[in-house]
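Hi there,

Here is the structure I promised to pass on to you. Have a look at it first, and then read on for my notes on what turned up in it.

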Amino acid sequence: MTTNNIRQIYVDHSAGKPVDSRVVAVMLPYFKVLYGNPSSFHRFGQEAKQALDNSREDISKLINAEKPETIIFTSGATESNNLAIKGMAIRNRQKGTKIVTSAIEHMSVVNSCKSLVRQGFQTTFSPVDSYGLLDLVKLEENIDEQTKLVSVVYANGEIGTIQPINEISEIVHKKGAYLHVDATAACGQIPVDVNKDGIDLMTISCNDMYGPKGVGALYLKDSLRIDPLLHGGGQERGLRSGTENVSSIIGFGKAAEITRLEMRSESKRLVKIRDSLIQGLIDPISYTFLNGHPKKRLPDNVSVRFNFIEGESILLSLALSGVFASSGSACAAKTLQPSHVLLAMGLKHEEAHGSLMITLGRQNTQKDADYIKELIPGIIDRLRNMSPLTPKELKK
Amino acid sequence: MYSNKVMDHFTHPRNTGEITDADGVGTVGNPTCGDLMTMYIKVKDNRIADIKFKTFGCGAAIATSSMTTELAKGKTIDEAMKISRASVAESLGGLPKVKMHCSNLAADALHAAIEDYKGKLEKNKEAKK
């Protein structure tokens with residue numbers, strides 16, 4: 001991609017992805033021609049409803065759900081996480097008031113749990129090891145008879161570590177609880193099968209599969225009942241009232257279909273680029289480390305930390321050379337707190353500040369990775385020369 | 001997000017480095033918070049003859065450090081003490097709101113270096129007595 005002759009390399013795909021042009025093409029008729037409300041009796045309405053159901057089927061196929069009706073459309077992963085956690089907790093309040101989750105969840109899970117604490121629920125954030133893998137022994141200990149819901153991220157988009165969902169599911173079910181999985185970053189990159197993985201509820205994001213933003217889904221196992229967050233006309237089996245975002249849902253279906261057909265080859269391609277980039281940063285630059293697991297890792301994720309410097313300075317320098325990435329540094333975030341995910345893996349604050357997240361996507365090539373590999377050592381060197389921190393300082 | 005002036009000082013920071021025989025050294029901030037800076041000054045005839053900095057921090061932290069050294073160089077000790085966080089931010093054409101507190105520490109580092117210099121001066125006087 002080039003603009004004004006400056007090379008532009010976008011590598012912030014976990015934050016936002018472009019919409020596939022095949023997805024845009026199927027969406028367009030639903031703005032000006034097929035604009036009916038799926039709840040309407042007439043032809044315009046029934047056409048929209050049929051299209052909606054087709055999308056439901058495409059998404060249920062991607063995750064091997066037992067039937068299309070298990071897919072509930074929402075406004076995105078944040079709403080799906082809210083609906084799963086609050087909907088399950090409140091529905092099962094009489095049976096138990098404890099929720100167990102992990103220390104590396106997305107803020108929509110963290111803050112949903114915290115909002116329930118204010119309503120008398122208990123939440124335990126189960127720890128992870130230095131690779132970001134859930135400690136399964138501690139997890140099992142944390143699930144008591146009061147626990148009816150366990151919520152775990154399939155793979156955290158920031159560090160890329162993929163959790164052993166199958167093993168987690170066994171533990172959760174043995175203890176008599178239900179398992180919600182946030183598959184926002186995973187679904188679309190690695191095979192996700194709710195049946196094989198033993199998942200009861202699962203959050204799916206549309207933009208993470210190159211569909212439009214503002215739409216997502218919650219998979220809800222056929223036999224399960226939850227309380228809705230939004231009350232109204234009873235759309236989506238009464239679990240998500242409000243006229244459906246038809247054009248986006250149509251796009252979502254297409255995005256899921258493309259993902260199902262192309263994911264394997266695309267992921268294989270990305271893993272090669274990812275690993276060459278990781279090696280190309282860690283080997284030549286001293287005091288540089290990989291965040292997350294080297295093998296159990298999302299194909300798009302390169303998360304590294306450079307000691308003695310701060311992430312926002314790295315991002316600024318990269319952007320000046322046309323590379324657009326992300327950081328777990330506090331200074332690059334709204335909260336002024338370094339990423340809780342990096343801290344949960346045992347990193348010191350100053351180490352978390354020096355992290356750089358590169359997330360690859362469909363338009364990235366090996367050439368992009370080579371350009372980044374050539375660019376970064378100079379940036380790190382310049383910033384380290386300016387830094388008062390040294391290897392001695394960090395040990396303190 | 002940043003003004004052109006901030007970006008200029010970030011990409012071409014003035015007076016980076018250390019002064020090994022500095023007359024005053026001041027360090028403020030904390031790497032835990034993501035900002036740490038050290039100012040080194042050399043004083044001649046009650047004026048800041050030379051000044052250098054080392055900073056760990058975001059773009060704003062580096063730019064404010066650079067701007068502070070530029071404002072302080074050649075000033076008398078009293079004039080340099082009047083350089084404030086606000087005047088540094090203003091000289092840079094403003095800073096984003098969230099950066100005004102955590103990353104705008106360079107004036108404090110300068111003042112700390114001057115205090116260090118004054119303290120040493122006092123000690124020398126005492127020693128001579």
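**Backbone oddities in two loops**

N64(A) comes out as partly exposed because its relative accessibility is 37%. Please keep in mind throughout that this is a predicted model. N64(A) sits in the loop between α3 (43-62) and β4 of chain A, and its phi is positive, about 55°, although N64(A) is not a glycine. Y287(A) is another non-glycine residue with a positive phi, near 50°. You will find Y287(A) in the loop between α9 and β11 of chain A, and with a relative accessible area of 40% Y287(A) is partly exposed.

**The seven-stranded sheet**

The loop that holds N64(A) leads to β4(A), so to speak a good place to enter the sheet. In what order do the strands of this open sheet run? The seven strands follow the order β4-β10-β9-β8-β7-β5-β6 in chain A, and their pairing is mixed. At the edges are β4 (71-74) and β6 (122-126) of chain A, each of which pairs on one side only. On average, neighbouring strands here are turned by 20° against each other, ignoring direction.

Helix α7 (residues 165-174) of chain A packs on this sheet, where it touches β7 (147-153) and β8 (178-182) of chain A. The direction of α7(A) makes about 150° with that of β8(A).

Back at the β4 edge, β4(A) and β10 (residues 216-220) of chain A run antiparallel and are joined by four bridges. I71(A) has Y219(A) as its bridge partner in β10(A), while T74(A) stands opposite G216(A) of that strand. The side chains of β4(A) are split between two directions: I71(A) and F73(A) point one way, I72(A) and T74(A) the other way, and all are buried.

**One side of α7**

Which residues of α7(A) are buried? They are I165(A), I168(A), S169(A), I171(A) and V172(A). These residues lie on the same side of α7(A), because the arc they cover around the axis is only 165°. As general background, an α-helix has 3.6 residues a turn, so residues three or four places apart point the same way.

The cover over the buried residues of α7(A) includes α6 (136-142), β7, β8 and α8 (194-197) of chain A. On the face turned away from the buried side are the exposed residues E170(A) and K174(A). After α7(A) comes G176(A), with a positive phi near 80°.

**The three-stranded sheet and N291**

There is also an open sheet of three strands, ordered β11-β12-β14 in chain A, with antiparallel pairing. Its edge strands are β11 and β14 (355-359) of chain A, each pairing on one side only. Neighbouring strands of this sheet are turned by 25° against each other on average, direction ignored. Three bridges link β11(A) and β12(A) in the antiparallel sense, and T288(A) stands opposite F306(A) in β12(A).

The loop between β11 (288-290) and β12 (301-306) of chain A contains N291(A). Is N291(A) buried or exposed? N291(A) counts as buried, because its relative accessibility is 0%. Its side chain makes a polar contact of 2.7 Å with the side chain of R305(A). Not counting residues up to four places away in sequence, N291(A) touches a list of residues that includes I159(A), R297(A), L342(A), M345(A) and S355(A).

**Two nonpolar cores**

The largest nonpolar core has 63 residues, and L356(A), I358(A) and I376(A) have the most contacts inside it. Helix α13 (residues 366-386) of chain A gives the most to this core, namely eight residues. Leaving aside neighbours within four places in sequence, I358(A) is in contact with residues including V11(A), L277(A), V302(A), I372(A) and I376(A). Another core, of 61 residues, lies apart from it, with M27(A), I59(A), L62(A) and I258(A) among its members. In general, nonpolar side chains of soluble globular proteins tend to be buried together.

**A link between distant stretches of sequence**

Finally, have a look at S276(A), which lies in helix α9 (residues 246-282) of chain A. S276(A) and A369(A) are 93 residues apart in sequence, and their C-alpha atoms are 7.6 Å apart in space. Beyond residues up to four places away in sequence, S276(A) touches Q366(A), A369(A) and K373(A). With Q366(A) there is also a side-chain polar contact of 2.9 Å.

Best wishes

Definitions and conventions. Residues numbered from 1 in each chain as written. Chains lettered and ligands numbered in written order. Predicted model: local features only at pLDDT ≥ 70, side-chain atom pairs only at ≥ 80, totals over all residues. Heavy atoms only, no water. Pairing = 2+ DSSP bridges. Axes fitted to C-alpha atoms, helices over the stretch in contact; angles between N-to-C directions. Contact = heavy atoms within 4.5 Å. Polar contact = N/O pair within 3.5 Å; in protein donor to acceptor, adjacent residues only side chain to side chain. Core = buried A, V, L, I, M, F, W, Y, C linked by side-chain atoms within 4.5 Å. Buried < 20%, exposed > 50% of the residue type's maximum accessible area, 1.4 Å probe, protein only. Arc of directions from axis to C-beta.
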